[in-house]
Amino acid sequence: MIKLIHTLLTLFLFWPALSQKTIGSIERLDDKIDHLIASDAVIEVIAEGFSWAEGPVWVPELNGLLFTDVPENKMYLWEETKGLSVYLDPSGYTGYAPNKKKSGANGLILDAKGNLLIAQHGDRRIAMIQKPPGFFRGFCAERGRFGMEN
């Protein structure tokens with residue numbers, strides 16, 4: 001009976017680690033990659049159920065991964081301790097530049113200052129969040145037109 005209780009307790013405590021879903025494999029074309037990726041690393045599925053995940057960028061200030069679901073027009077934040085949450089909704093179509101597709105953001109990158117640049121596909125512009133979780137600005141909205149838009 002004690003062995004059964006011990007087994008059940010062990011499964012209860014370690015179930016999240018045991019149930020982590022993985023996919024595919026890492027193809028190593030050069031041994032130098034081992035300096036960046038551990039030799040026993042696996043590809044973990046951290047979240048599911050998206051129409052089209054795009055983006056991903058690690059944001060040190062948030063200690064998390066930002067990515068977008070383009071057709072759903074949302075940006076998500078994944079944190080190891082908290083899991084998944086919606087970070088920006090809408091992410092790329094706000095009605096600024098009306099169009100039929102109403103697509104969300106489809107590209108994310110941090111600049112040298114740590115600002116998050118967002119390719120807002122639906123609004124046809126590049127936007128910026130000043131060093132997340134800071135102030136949001138849209139800019140570079142139309143061909144030949146540069147300047148800040150609030």
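Strands are DSSP runs of E of at least two residues, numbered from the N terminus. Two such elements, β3 (53–59) and β4 (64–69), each contribute at least two residues to the lining of the largest pocket in this predicted model.

**Largest pocket**

The pocket encloses about 180 Å³ of space. Its lining consists of Glu44, Val45, Ile46, Ala47, Phe50, Ala53, Glu54, Pro56, Leu65 and Phe67. By class, eight of these residues are nonpolar, two are charged and none is polar. Strand β3 makes the greatest contribution to the lining, with three residues.

**Thr68**

Strand β4 also contains Thr68. This residue counts as buried because its relative accessible area is 0%, below the 20% cut-off. The Thr68 side chain comes to 2.9 Å from the backbone oxygen of Ala105. Beyond four places in sequence, Thr68 is in contact with Trp52, Ala53, Glu54, Lys74, Met75, Ala105, Asn106 and Leu108. Two of these partners, Ala53 and Glu54, also appear in the pocket lining.

**Confidence**

Across the protein chain the mean pLDDT is 80, and 76% of residues reach 70 or more. Strand β4 has the highest mean, at 96, whereas β11 (residues 148–149) has the lowest, at 41. Two segments in which pLDDT stays under 50 are tabulated below with their contacts beyond four places in sequence.

| Segment | pLDDT | Contacts beyond four places in sequence |
|---|---|---|
| Residues 3–15 | under 50 | one contact |
| Residues 143–150 | under 50 | 15 contacts |

Definitions and conventions. Residues numbered from 1 in each chain as written. Heavy atoms only, no water. 1 Å grid on protein atoms, 1.4 Å probe; cavity = no way out; pocket = protein on both sides within 12 Å on 5 of 7 lines; lining within 4 Å. Points joined across faces, edges and corners; volume = space filled by probe spheres on them. Helix = DSSP H or I, 4+ residues; strand = E, 2+ residues; numbered from the N terminus. Nonpolar A, V, L, I, M, F, W, Y, C, P; charged D, E, K, R; others polar. Buried < 20%, exposed > 50% of the residue type's maximum accessible area, 1.4 Å probe, protein only. Polar contact = N/O pair within 3.5 Å; in protein donor to acceptor, adjacent residues only side chain to side chain. Contact = heavy atoms within 4.5 Å. pLDDT = per-residue confidence, 0-100.
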